[in-house]
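Let's take a walk through this protein together, starting with the whole chain and then zooming in on a few spots. Keep the model open as you read.

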Amino acid sequence: MSKAVADLLSILDLEPLEHNLFRGQSPKSGWQRVFGGQVIGQALVAASRTVEGRNPHSLHGYFMLPGDPKVPIIYEVDRIRDGRSFTTRRVVAIQHGQAIFSMSASFHLEEEGFDHQAPMPNVPGPDELPSEEEVKADLMPLMPEPMRSYYARERPIEIRPVEMKRYMSREPMAPQFHVWIKTTGRLPDIPAIHQCVLAYASDMTLLDTALVPHGRTVFEPTIQPASLDHALWLHRPFRADEWLLYAQDTPNASGARGFSRGLIFAQDGTLVASVAQEGLIRERR
């Protein structure tokens, strides 16, 4: 297991403080604020630890304040309802005495029913795209400085963009973005860990997709990006340490906010999750 993946699992392993109360830490990465996917993943861990025998099927969260990576985050879980088929939890993440994030999550007892799904887009597979090592060797010298720093850092999630050329120019492109994602090391055979890791990864590249039609990226210092809300639906079993296609599009941007959607497929074409997010994409002036 890579050190980055071990660190991610450590971050997601919350410390229980009291009944319905947990404490999470942030990585010592030098970031000025906490990565939104970290807070989503940790909040789902907190909620999951109060539920037995049921898997999460959806979560809806709102970001209210930037997280401070220098201090722990306290997660308070409200056990709203334990029904015969569904369980509902509300989680509030707190720092410096203020709520920085709130999330509602629903858990469902597994049952049979109707079944259909959208088809997976026909895009090159992960083995047909440059690996991160090849990107670092061949493409990093051509990247803008903020993006070079991003790729130079050891990370727990490997990302292989299909439309890599969007990072090489400011040419507007079709309002969609496809990336293959997986952890850089093997994960334990515990479904809840894979669900929480995917919740963490689902915040990566989604807001950036809202800038694709404008030929811009969140790596530019003149762009002020921030996730505002985030929704995730988990449809079918999957492994986050095997390749997943994150097919994203952006139907709208207005009022300094961008809206993006994503469908997440296993490599065999199975639709495993859906995501939606609105975020701030403000031009710094």
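Among contacts in the protein chain between residues at least 6 apart in sequence, what percentage join residues at least 24 apart? In this predicted model, the figure is 70%.

Now for the overall build. The protein chain has six helices and 12 strands. Its radius of gyration is 18 Å, close to the 19 Å that the globule rule gives for 285 residues, so the chain is as compact as a globular protein of that length. If you lay the C-alpha trace along its principal axes, you get spans of about 50 × 45 × 40 Å. Of the 285 residues, 52% count as buried. As for the outside, the accessible surface comes to about 14,100 Å², and carbon and sulfur atoms account for 52% of that area.

Next, find helix α5, which runs over residues 191-201. Eight of its 11 residues are buried, so α5 is largely enclosed by the rest of the structure. The buried ones form a run you can click through: His194, Gln195, Cys196, Val197, Leu198, Ala199, Tyr200 and Ala201.

One of the elements to look at alongside α5 is helix α1, residues 3-12. Two packed helices are described by the angle between their axes and the distance between the axes. For α1 and α5, the angle is about 100° and the axes are 11 Å apart. Angles of 65 to 115 degrees count as roughly perpendicular, and α1 and α5 are therefore described that way. Which residues meet there? From α1 come Leu8, Leu9 and Leu12, and from α5 come Ile193, Cys196, Val197 and Tyr200. By class, this contact has seven nonpolar residues, with no polar and no charged ones. Notice that Cys196, Val197 and Tyr200 turn up in the buried set of α5 as well as in the contact with α1.

Finally, pick out Arg23, which is found in strand β2 (residues 21-24). Is Arg23 buried or exposed? Neither label quite fits: at 28% relative accessibility, Arg23 counts as partly exposed, because buried means under 20% and exposed means over 50%. Setting aside neighbours within four places in sequence, Arg23 is in contact with Leu14, Glu15 and Leu17, and also with Pro72, Ile73 and Ile74. For a sense of distance, try Arg239: Arg23 and Arg239 are 216 residues apart in sequence and 26 Å apart in space, going C-alpha to C-alpha.

Terms used:
Residues are numbered from 1 along each chain as its sequence is written. This is a predicted model: local features need pLDDT of at least 70, side-chain atom pairs count only at pLDDT 80 or more; totals for chains, interfaces and linings use all residues. Side-chain values use heavy atoms; hydrogens and water are left out. Buried means under 20% relative accessible area, exposed over 50%, partly exposed in between (1.4 Å probe, protein chains only). Helices (H or I, at least four residues) and strands (E, at least two) are DSSP runs, numbered from the N terminus. Axes are lines fitted to C-alpha atoms, for helices over the stretch in contact, and angles run from 0 to 180 degrees between N-to-C directions. Angles under 35 degrees count as roughly parallel, over 145 as roughly antiparallel, 65 to 115 as roughly perpendicular and the rest as oblique. Contact means heavy atoms within 4.5 Å. Ala, Val, Leu, Ile, Met, Phe, Trp, Tyr, Cys and Pro count as nonpolar, Asp, Glu, Lys and Arg as charged, and the others, Gly among them, as polar. The radius of gyration is taken over C-alpha atoms; the globule rule is 2.2 Å times the number of residues to the power 0.38. Accessible areas come from the Shrake-Rupley method with a 1.4 Å probe; for residues, only the protein chains shown count as cover.
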